[in-house]
Every structure is written in structure tokens, then in C-alpha cells.
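User: Could you walk me through this protein at the bench level? I'd like to ask a few things about the fold as we go.

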Amino acid sequence: MTAIERRDLCLPYRADEALMEEHKRCQRILNKLNHADLADFEEIRRIVKMLLGKTGDEEAFISPPFFCDYGCHIEVGKRFYANYNCTILDVAKVKIGDNCLLAPNVAIYAVGHPLHPVTRATGYEYGAPVTIGDNVWIGGSSVVVPGVTIGSNVVIGAGSVVTKDIPDWTLAAGNPCRVLRRITEKDQYFYFRDNRFDEEAWEDMQGLAEIGPLDGSV
């Protein structure tokens, strides 16, 4: 098998000229993205569409600078947003659902190297896919390691290192990242810690989301 075939099957491989040509194509597109006029949002969206393997709509947006290996292995859903200085090493597939937010300096690694120094020195590496569900917010400077699955409706606290799968509807944080608690219906009434949404904001949000009246008993 070729290096590309081995890579795409998540088998160990060594980079060859054909694989490096794929990498170069990505780097040329990244150069356009990372040197784009930061106020030209439409141009940035156009380049992002060119870079990523699949986008759920035309609104996918990445605030430069951004870094990845191939781009074509990254699939994002509707209303995807990545903030400044994110890195996605997409040797294997990185699949991200709808309504997902990556805060600044988030790093997602779908690539690794052998543990033993002798085999590592041969230049062999491997990919392991990363999957992220819908409605996920990953906090700033967090790291997601190869092979991890993060469920839907999850918040990952800033500075976390996600080494194991995270279940749906949870708040998780730490190094290593662990579940702190469930996210419940009650949480919708608060925007930061114990700060509640005011009536004006809540009324406006009713036109944007499927929420009921502000519950004063919570």
C-alpha cells in the first residue's frame, strides 16, 4: 500500500512525496487564510470552504491564524466557529457536529507517534480519528488527543487535556479532563456562574431559541 492508503486506513505509515504534495496543497490554502484581510469575512468563509473537507453550511468561520495538516480530513457541521490560533492535526478524520465553538488556542490532534524511541526514530506515525458531537463548546487552550470522542451538548473547560471519551450533556474540565457534572434544564437560565439572564435578554432569545418564559422559581 502507498503511504496515503495506509494513512487513510489509520495504519502506521511513513510520509512520502505523494503525501507531502497533499500537505503542500493545504499549506498554500492556509497561507491565503492566514494572510487574509481580517475584516473581509466573506473571503475568509470562501477560503475556509476551500480548505475543509466538508462544511454543513456557508457560515463556517475560522478566525486566523489557523493551522492544520491536510484540511480535507476535517468535517464540520452547521454554524461552526473556531477562534484565533486553533490547530487541528487532521492525519485521521476530525468530525465536528453542528453549532460547535472552539475557543482560542484549542488544539485537536488526530495523529501520534510510537511510544518506544527506536520505532519512533524510524519516522513511522499513525492517525486516530477524533469525533465531536453537536452543540459543543471547547474552552481556550484545551487539547484533544487522538482517538477521543466528545458527545453532544458538552462544555470542555479552558485548559483541559481530553484523553478519554466525554459523554453527552456534561461539563468536563481538568488535566486529565473529567466530568464535573451534568448539564441540566436549570442551566439555561444562567449565562455565567450564578448570573441569570435578565427579562429583556430572555424575551429576545425567545425569538432565537425554543425556550419558555423566564422561570422565577429557579
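User: Where does Leu 11 sit?

Analyst: Bear in mind that this is a predicted model. Leu 11 is partly exposed, at 30% relative accessible area. Along the chain, its place is the loop between α1 (3-8) and α2 (17-34).

User: Which residues make the nonpolar surface patch, and what is its area?

Analyst: Leu 11, from that loop between α1 and α2, is one of the members. Together, Met 1, Leu 9 and Leu 11 make a nonpolar patch on the surface, with an area of about 310 Å².

User: How many disulfides are there?

Analyst: A pair of cysteine sulfurs has to come within 2.5 Å to count. By that rule the count is zero. Take Cys 10: the nearest cysteine sulfur belongs to Cys 72 and is 13 Å away. For Cys 100 the nearest one is on Cys 86, at 12 Å, so with the 2.5 Å cut-off the number of disulfides stays at zero.

User: Is Cys 100 buried or exposed?

Analyst: Anything under 20% relative accessible area is called buried. Cys 10, with 33%, is partly exposed. Cys 100 has 1% relative accessibility, so the word for it is buried.

User: Which strands stand at the edges of the seven-stranded sheet?

Analyst: The sheet is open, with mixed pairing, and its order is β2-β5-β8-β13-β16-β18-β19. A strand at the edge has a single partner, so one of its sides is left without a neighbour in the sheet. That describes β2 (61-62) and β19 (178-182).

User: What is the bridge partner of Thr 170 in β19?

Analyst: Strand β18 covers residues 170-173 and runs antiparallel to β19, with four bridges joining the two. They form a hairpin with four residues between them, and Gly 174 in the turn has a positive phi of about 115°. Across from Thr 170, the partner in β19 is Arg 182.

User: Which peptide bond is cis in the loop between β18 and β19?

Analyst: Elsewhere, the bond from Pro 64 to Pro 65 is cis with omega near 5°, and Pro 65 is in the loop between β2 and β3 (66-68). In the loop between β18 and β19 you find Pro 176. There, with omega near 0°, the cis bond runs from Asn 175 to Pro 176.

User: What is the phi of Asn 135?

Analyst: Asn 135 is in the loop between β12 (130-132) and β13 (137-138), and it is partly exposed at 36%. Asn 85, in the loop between β5 (81-82) and β6 (86-89), has a positive phi of about 65° without being a glycine. For Asn 135, phi is also positive, near 60°.

How values were computed: Residues are numbered from 1 along each chain as its sequence is written. This is a predicted model: local features need pLDDT of at least 70, side-chain atom pairs count only at pLDDT 80 or more; totals for chains, interfaces and linings use all residues. Side-chain values use heavy atoms; hydrogens and water are left out. Two strands pair if DSSP finds at least two bridges between them. Buried means under 20% relative accessible area, exposed over 50%, partly exposed in between (1.4 Å probe, protein chains only). Patches are made of residues with over 30% relative accessible area and no salt bridge: like charges are joined within 9 Å, nonpolar side chains (Val, Leu, Ile, Met, Phe, Trp, Tyr) within 5 Å. Accessible areas come from the Shrake-Rupley method with a 1.4 Å probe; for residues, only the protein chains shown count as cover. A salt bridge is a side-chain nitrogen of Lys or Arg within 4 Å of a carboxyl oxygen of Asp or Glu.
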